[in-house]
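Student: Please take one part of this chain and look at it closely with me. I would like to follow it step by step into its surroundings, with the reasoning spelled out wherever a step needs it.

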Amino acid sequence: MKIVLLGPPGAGKGTIAVKAKEFYAIPHISTGDLFRNNIKNETELGKKVKTILAEGGLVPDSVTIEMVKNRIAEPDCKNGFILDGFPRTIAQADALAEMTELDAVVNFVIEKDDVIKRLSGRRMCPSTGRLYHIIFNPPKVEGKDDETGEDLIQRDDDKPQAISHRLEVYVEQTQPLIDYYRGKKLLKDIDASKAPAEVFENMKEALK
């Protein structure tokens, strides 16, 4: 099963990817992890990325594509993979099509107001990075970390105005990709507003 996940910030892609990885017994590949692993292992591509990021530049498509190509050629991907964060552009989608044939592109659909409710309720422990949610996963004591007792903070990018901006950028960048995959009859729209277990069941059904 070779799947690409699309969906705005706060759609729950990460949570569903963990479930899908276990269920289908295939690796979950996120571009963020790819960058970090290549940098950590000091691969040629990793060194290149490290230099680009240190200079405040943007990693070019060619480097990202090469990393993905190397990763999906590894033995654990022989039965498939879940790609998250790639492709982000039509050029990347074309490059992926040259590497392999996809089974489906899962597009998590969620209303802007739901995303804002989800993300703006997130709180973080500054020293450990542990995440809470004031509605869905509250700490035992309001505003305090369960283990360290520290005051929880709200990250700047979880504030409503920042979330709105992130969503606008996402729609602008991703709509062409959604249209591209819909045109190839690969797109499966999944309602992401439900509880994760239900979202995953609907996804499994759509992928049958």
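Tutor: Ala25 sits in the loop between α1 and β2, and since this is a predicted model, everything I say about Ala25 and its surroundings describes that prediction. The backbone at Ala25 has a positive phi of about 55°, although this residue is not a glycine. Its relative accessibility is 60%, and because exposed means over 50%, Ala25 counts as exposed.

Let us go first to the helix on one side of this loop. Two packed helices are described by the angle between their axes and the distance between the axes. Helix α1, residues 13-24, packs against helix α8, residues 196-207, at an angle of about 50°, and their axes are 10 Å apart. An angle of 65 to 115 degrees would count as roughly perpendicular and one under 35 degrees as roughly parallel, so α1 and α8 are oblique to each other. Their crossing is right-handed. On the α1 side the contact is made by Thr15, Ile16, Lys19, Ala20, Phe23 and Tyr24, while α8 contributes Pro196, Ala197, Val199, Phe200, Met203, Lys204 and Leu207.

One residue of that contact deserves a pause. Lys204 is part of helix α8, and leaving aside residues up to four places away in sequence, Lys204 touches Phe23 and Tyr24. With a relative accessibility of 17%, Lys204 falls under the 20% limit and therefore counts as buried.

Now turn to the strand on the other side of the loop that holds Ala25. Strands of a sheet pair through backbone hydrogen bonds, either parallel or antiparallel. Strand β2, residues 28-30, pairs with β3 in the parallel sense over 3 bridges, and Ile29 stands opposite Leu83 of β3. Strand β1, residues 2-6, pairs with β3 in the parallel sense over 4 bridges, and Phe81 is the bridge partner of Lys2. These strands belong to an open sheet of 5 strands in the order β2-β3-β1-β4-β7, with parallel pairing. At its edges are β2 and β7, each of which pairs on one side only, and from one strand to the next the twist averages 25°.

What happens on the two faces of β3? In a regular strand the side chains alternate between the two faces of the sheet. Strand β3 runs over residues 81-84, with Phe81 and Leu83 on one side and Ile82 and Asp84 on the other, and all four are buried, which leaves both faces covered. Further along, in the loop between β3 and α5, we find Pro87, and the peptide bond that joins Phe86 to Pro87 is cis, with omega near 0°.

Both β2 and β3 reappear when we ask what lies around helix α4, for they are among the elements that cover its buried residues, together with α2 (31-40), α3 (44-54) and α5 (90-99). Those buried residues of α4 are Val63, Thr64, Ile65, Met67, Val68, Arg71 and Ile72. Helix α4 itself has 12 residues, 61-72, and at 1.5 Å a residue, counted for one less than the number of residues, the helix should span 16 Å; its end C-alpha atoms are indeed 16 Å apart, so the expectation and the model agree.

Finally, follow the sheet to its other edge strand, β7, residues 187-191. The loop between α7 (160-183) and β7 contains Lys185, which has a positive phi of about 60° although it is not a glycine. Lys185 has a relative accessibility of 72% and therefore counts as exposed.

To set against these exposed loop positions, consider Pro126, in the loop between β5 (122-124) and β6 (131-133), which has a relative accessible area of 44% and so is partly exposed. Pro126 touches Glu150, Asp151 and Ile153, residues up to four places away in sequence not being counted. Between Pro126 and Asp145 there are 9.3 Å in space, C-alpha to C-alpha, although they are 19 residues apart in sequence.

Technical notes. Residues numbered from 1 in each chain as written. Predicted model: local features only at pLDDT ≥ 70, side-chain atom pairs only at ≥ 80, totals over all residues. Heavy atoms only, no water. Buried < 20%, exposed > 50% of the residue type's maximum accessible area, 1.4 Å probe, protein only. Pairing = 2+ DSSP bridges. Contact = heavy atoms within 4.5 Å. Axes fitted to C-alpha atoms, helices over the stretch in contact; angles between N-to-C directions. Parallel < 35°, antiparallel > 145°, perpendicular 65-115°, else oblique. Left-handed = near helix turned anticlockwise from the far one by under 90°.
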